[in-house]
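Trainee: Could you take me through one part of this model with care, and then show how the rest can be read in the same way?

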Amino acid sequence: MSIPLVNPQLLKPLTHGDAVETPPRPASPEHRFGTRAVHSGSHIDPNTGAVIAPISLSTTFAQSSVGKPIGIYEYTRSANPNRDHFEEAVAALEHARYALAFSSGSATTATILQSLAAGSHVVSVSDVYGGTHRYFTKVAAAHGVNVTFTPTLEIGNEAIIKPDTKLIWIESPTNPTLSLVDIREVTTIAHRHGILVVVDNTFMSPYIQNPLDYGADIVVHSVTKYINGHSDVLMGVAAFNSPELKDRLTFLQNAIGAVPSPFDCWLAHRGMKTLHLRAREANKNASAVAKVLESSSLVKSVNYPGLDSHPQRAIAQKQHRDGMGGGMLSFRIHGGHAAAERFCQNVRVFVLAESLGGIESLCEVPSSMTHAGIPKEQREAVGVFDDLIRLSCGIEDVDDLTADILQALEKSVAPANGA
Ligand SMILES: *Cc1c(COP(=O)(O)O)cnc(C)c1O
């Protein structure tokens with residue numbers, strides 16, 4: 001007796017133009033975030049009926065006659081099924097028409113900057129991600145692209161715009177002080193001058209904030225953080241609506257070749273299917289940790305956009321889903337740099353490490369780790385003091401995280417006070 005392995009209707013081979021022959025998955029805007037996260041870009045495999053797509057490791061794809069590929073693929077740097085699936089899913093979650101994946105968040109930044117003509121001017125928030133700052137100052141300058149850094153409050157100020165300004169680069173929240181930028185305010189001014197606005201949305205993830213809805217032209221992510229969410233893939237992505245940007249950035253994606261592997265695309269797509277669950281837990285945990293820190297006499301100040309004490313709380317309420325603060329926060333500990341270092345050694349659940357957005361909670365001291373490359377005066381001007389600790393809250397049980405913070409504070413501050 002033979003058991004049919006697949007629905008014969010699904011057995012049509014892929015040919016040019018009808019790659020999506022299988023039943024369409026719920027991805028349209030009428031479906032909510034969780035439904036889109038689970039189904040977008042997840043096509044039933046037309047050859048086997050597999051619900052989860054196979055990993056297409058093949059670097060090349062056969063042609064039936066010269067210049068006529070059997071399917072829609074030719075060579076994996078140009079396009080690969082797993083990359084297509086992932087890009088389609090990111091576009092659905094960021095309310096974009098298109099998304100392009102890269103081998104890292106940094107490669108995404110580099111490719112966008114490469115799309116600017118020599119002589120272009122860029123305006124960026126000052127406390128931008130360290131690697132982005134490095135690219136802007138050490139690499140882009142060599143290609144004749146110059147960047148002016150300015151504090152978040154002034155980013156929407158028309159006076160910083162020059163005749164050759166082509167791009168404004170925003171991070172909201174900023175890292176590690178969690179300052180917010182009113183994206184709508186910036187895009188309104190930028191568009192009057194024909195300037196593109198890029199928002200690095202890594203810290204919020206598409207679950208909490210969708211910058212394109214506020215007029216941004218390109219949203220970028222280090223997929224390495226919340227989108228993959230399991231601290232085991234390095235990848236980046238850019239999403240946007242303009243067909244001209246799609247042509248230009250697709251050309252550069254292929255020409256520069258900083259593309260992710262099919263396996264990483266598959267892993268990141270799997271990770272993204274639970275983004276809404278992870279982001280909600282991380283947000284809940286960070287809110288509880290922020291409150292515990294704020295009410296402790298051992299803490300000087302707390303930066304968390306979910307707290308009413310945050311100076312830009314109104315922006316969070318307007319721009320973030322349900323006014324959420326996200327999973328990231330930072331705080332200044334009493335006892336100076338030594339106490340900050342002791343805190344990171346005394347935590348038992350939090351892991352002392354760089355990076356963020358994973359299932360596990362992490363802590364670090366920016367002045368000695370992620371932001372050590374920035375001169376002290378420049379660091380302190382944006383609030384990155386030696387006693388600042390940054391936390392990335394994971395999805396562990398909330399009571400274990402708050403208890404861990406409290407015991408580490410007691411052990412780290414008290415000895416210094418007694419001395
Ligand atoms: C990590 C990070 C990047 C760089 O991404 P990589 O994947 O490490 O290259 C860019 N922006 C922000 C906000 C980040 O946290």
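Trainee: In what order do the strands of the open sheet of 5 strands stand, and what kind of pairing does this sheet have?

Mentor: Please keep in mind throughout that this is a predicted model. The open sheet of 5 strands has the order β10-β11-β14-β13-β12, and its pairing is mixed. The edges are formed by β10 (299-303) and β12 (351-352), and because each of these two has a single partner strand, one side of each is left without a neighbour in the sheet. Within the sheet, strand β13, residues 362-364, pairs with strand β14, residues 388-392, in the antiparallel sense, and 3 bridges connect them. In this pair Leu362 stands opposite Ser392, which belongs to β14. Helix α9, residues 275-294, packs on the sheet and touches β10, β11 (328-333) and β14, its direction making about 15° with that of β11. Helix α11, residues 336-346, lies across β11, β12, β13 and β14, and runs at about 130° to β11.

The open sheet of 7 strands can be read in the same manner. Its order is β3-β9-β8-β7-β6-β4-β5, again with mixed pairing. Here β3 (98-102) and β5 (146-150) stand at the edges, and since each has a single partner strand, one side of each is left without a neighbour in the sheet. On average, and with direction ignored, neighbouring strands of this sheet are turned by 20° against each other. Strand β7, residues 196-200, and strand β8, residues 218-222, run parallel and are joined by 3 bridges, with Asp200 opposite Val220 of β8. As for the helices, α4 (residues 130-139) lies across β4 (121-125), β5 and β6 (165-171), and runs at about 135° to β5, while α7 (residues 243-256) lies across β3, β7, β8 and β9 (236-240), and runs at about 20° to β3.

From these strands one can move on to the ligand. There are 14 residues around the ligand, of which Ser106, Asp200, Ser222, Thr224 and Lys225 come nearest. Asp200 is thus the residue already met opposite Val220. Looking at individual atom pairs, an oxygen atom of the ligand is 2.7 Å from an N or O atom in the side chain of Ser106, an oxygen atom of the ligand is 2.9 Å from an N or O atom in the side chain of Ser222, and for the side chain of Lys225 the distance from an N or O atom to a ligand oxygen atom is 2.7 Å. The protein covers 93% of the 380 Å² of accessible area that the ligand has on its own. By class, the shell around the ligand has 5 nonpolar, 6 polar and 3 charged residues.

Some backbone details deserve a look too. Most residues other than glycine have a negative phi, and most peptide bonds are trans. In the loop between β6 and α5 (183-192), where Pro173 lies, the peptide bond from Ser172 to Pro173 is cis, with omega near 0°. Pro176 also has its place in the loop between β6 and α5, and the peptide bond that joins Asn175 and Pro176 is cis, with omega about 5°. His95, found in the loop between α2 (81-93) and β3, has a positive phi, near 55°, in a residue other than glycine.

Methods: Residues are numbered from 1 along each chain as its sequence is written. This is a predicted model: local features need pLDDT of at least 70, side-chain atom pairs count only at pLDDT 80 or more; totals for chains, interfaces and linings use all residues. Side-chain values use heavy atoms; hydrogens and water are left out. A residue is near a molecule or strand if one of its heavy atoms lies within 4 Å of it. A polar contact is a pair of N or O atoms within 3.5 Å; within protein, one must be able to donate a hydrogen and the other to accept it, and residues adjacent in sequence count only if both atoms are side-chain atoms. Accessible areas come from the Shrake-Rupley method with a 1.4 Å probe; for residues, only the protein chains shown count as cover. Ala, Val, Leu, Ile, Met, Phe, Trp, Tyr, Cys and Pro count as nonpolar, Asp, Glu, Lys and Arg as charged, and the others, Gly among them, as polar. Two strands pair if DSSP finds at least two bridges between them. Helices (H or I, at least four residues) and strands (E, at least two) are DSSP runs, numbered from the N terminus. Axes are lines fitted to C-alpha atoms, for helices over the stretch in contact, and angles run from 0 to 180 degrees between N-to-C directions. Contact means heavy atoms within 4.5 Å.
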